[in-house]
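Biologist: Could you take me closely through one part of this model, the sheet and what packs against it? I would like a connected account rather than a list.

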Amino acid sequence: MRLEGRTAIVTGGGSGIGRASALLFAKEGAFVALVDRDEAGLQETMAEIRDANGDASMHVGDVADSNFAQSVVDEIVARRGRLDVLMTSAGFSCGGTVVTTNPADWDAVFRTNVGGTWLWARSAVPQMQQQGKGSIITVASQLAIAGGKGNSAYIASKGAILSLTRTMAVDFATDGIRVNAIAPGAIDTPLLRRSFARHADPDPIREASRNRHAMKRFGEAVEVAEAALYLASDASSFTTGTVLPVDGGWLAA
Ligand SMILES: NC(=O)c1ccc[n+]([C@@H]2O[C@H](COP(=O)([O-])OP(=O)(O)OC[C@H]3O[C@@H](n4cnc5c(N)ncnc54)[C@H](O)[C@@H]3O)[C@@H](O)[C@H]2O)c1
C-alpha cells in the first residue's frame, strides 16, 4: 500500500474529486480527515471508506474559516501525531464574465477557492516543517492555463491557486514539504453538472465541452484521484512546484 500509516486531510471530501481521492488514499492505507460543508456528503464518503475497511474522520464547516482550519489540523495532529498529506479540493464556480459577476459572488469564489487553499496550508505547514516532510496537493483547472468563456471569477481563482502552489513549493522546499497542483479537465461531478445546468440550453454546451478534450470524453473523479495519489506518495519524492494536467488532452489539443 502506497500510503500505509500516513495521515491525510482532504477538503471537499464530501463529493466528486475530493471524495474519490479520499477513498483511494484510504484504500492505500492512509487515515483520512474529510472536510466539507456538506454533512450528508461527508457521511456518504465515510460509509464508502468504512465499507472498504478504511479509517477516516469527518469535519463539517466552511473551508474559508481560519479557525475551523486550525481546529481540524490541531485535532488531527493530536489524534494521529502527524500530518503527511493535505489535499485542498473544496471549490465552486459561479459563472459570469467580469461584467455579469456580482462582487459578492466574486468574493465568495475567491474566499473558498483561494482562501480555502491558503488557510489550510497555513495551518498544515508548521506541523509538516516539524516532521521535515509533507505533501500538499492543490486543485486548479485546465482553464487556469487555457482560459475559458463566461467563468471569470472561477478561472482567475484557479490561476491564483497555481501561483500560490509555486510560491509555497519554493518557500518550503528545504523543509521537505512538496507542493503540487492538479489541473483537471472537465470531470463528471456535481460541480460540472451544475455548471452546464446554468445555461438555458445546456446540451450543446455539454457536447462542445466533451469534444474539446482530445479524448472526446469527460474524465472520471477516480482518474484525478490516481494523480493525487501519485503526488501524495513517495513516488513523487523529487516533484514540487509543478502542475499536473489530468485533462484528456485538453491542453494539448
Ligand atoms: N469537475 C470538474 O470538471 C473540475 C475541473 C477542474 C477543476 N475542478 C476542481 O476540483 C475541485 C473539486 O470539484 P468537484 O468537481 O469534485 O466538485 P464537487 O462539487 O463535486 O465537490 C466540491 C466539494 O467542495 C465542497 N465545498 C465547496 N465550497 C466549500 C466551502 N466553502 N467549505 C467547505 N466545503 C466546500 C462542496 O460541498 C463539495 O462537496 C474544485 O476545486 C473544482 O474547482 C473540477
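Modeller: Two strands are said to pair if DSSP finds at least two bridges between them. By that criterion, in this predicted model, strand S5 (residues 134-139) and strand S6 (residues 177-184) pair in the parallel sense, over 6 bridges. Within this pairing, Ile137 has Asn180 of S6 as its bridge partner.

The pair belongs to an open sheet of 7 strands, which follow one another in the order S3-S2-S1-S4-S5-S6-S7 with parallel pairing. At the edges stand S3 and strand S7 (243-246), each of which pairs on one side only. On average, and with direction ignored, neighbouring strands of the sheet are turned by 15° against each other. In general, the strands of a sheet pair through backbone hydrogen bonds, either parallel or antiparallel.

Helix H1 packs on this sheet, where it touches strand S1 (7-11), strand S2 (31-36), S3, strand S4 (85-88), S5 and S6. The direction of H1 makes about 170° with that of S1. H1, spanning residues 16-27, also gives two or more residues to the shell around the ligand, as do helix H4 (103-131) and helix H7 (190-197). That shell consists of 28 residues, of which Ser15, Gly16, Gly91, Thr189 and Leu191 are the closest to the ligand. By character, the shell divides into 12 nonpolar, 12 polar and 4 charged residues.

As for the interior, the largest nonpolar core has 68 residues, and those with the most contacts inside it are Ile9, Phe25, Val32, Ala124 and Ala228. In soluble globular proteins, nonpolar side chains tend to be buried together. Ala228 leads back to the strand pair, since, leaving aside residues up to four places away in sequence, Ala228 touches Ser21, Met87, Ile137 and Ile182. Ile137 is thus a contact of Ala228 as well as the bridge partner of Asn180.

Two loop residues deserve a separate look for their backbone angles. Asn53, in the loop between helix H2 (39-51) and strand S3 (55-60), has a phi near 60°, a positive value in a residue other than glycine. Asn53 counts as exposed because 8 other C-beta atoms lie within 10 Å, where the cut-off for exposed is 12 or fewer. Lys216, which lies in the loop between helix H8 (202-212) and helix H9 (221-232), likewise has a positive phi, near 55°. With 11 other C-beta atoms within 10 Å, Lys216 is exposed too.

Conventions. Residues numbered from 1 in each chain as written. Predicted model: local features only at pLDDT ≥ 70, side-chain atom pairs only at ≥ 80, totals over all residues. Helix = DSSP H or I, 4+ residues; strand = E, 2+ residues; numbered from the N terminus. Buried ≥ 20, exposed ≤ 12 C-beta atoms within 10 Å, placed from the backbone. Near = placed C-beta within 6 Å. Nonpolar A, V, L, I, M, F, W, Y, C, P; charged D, E, K, R; others polar. Axes fitted to C-alpha atoms, helices over the stretch in contact; angles between N-to-C directions. Contact = placed C-beta atoms within 7 Å. Core = buried A, V, L, I, M, F, W, Y, C linked by C-beta atoms within 7 Å.
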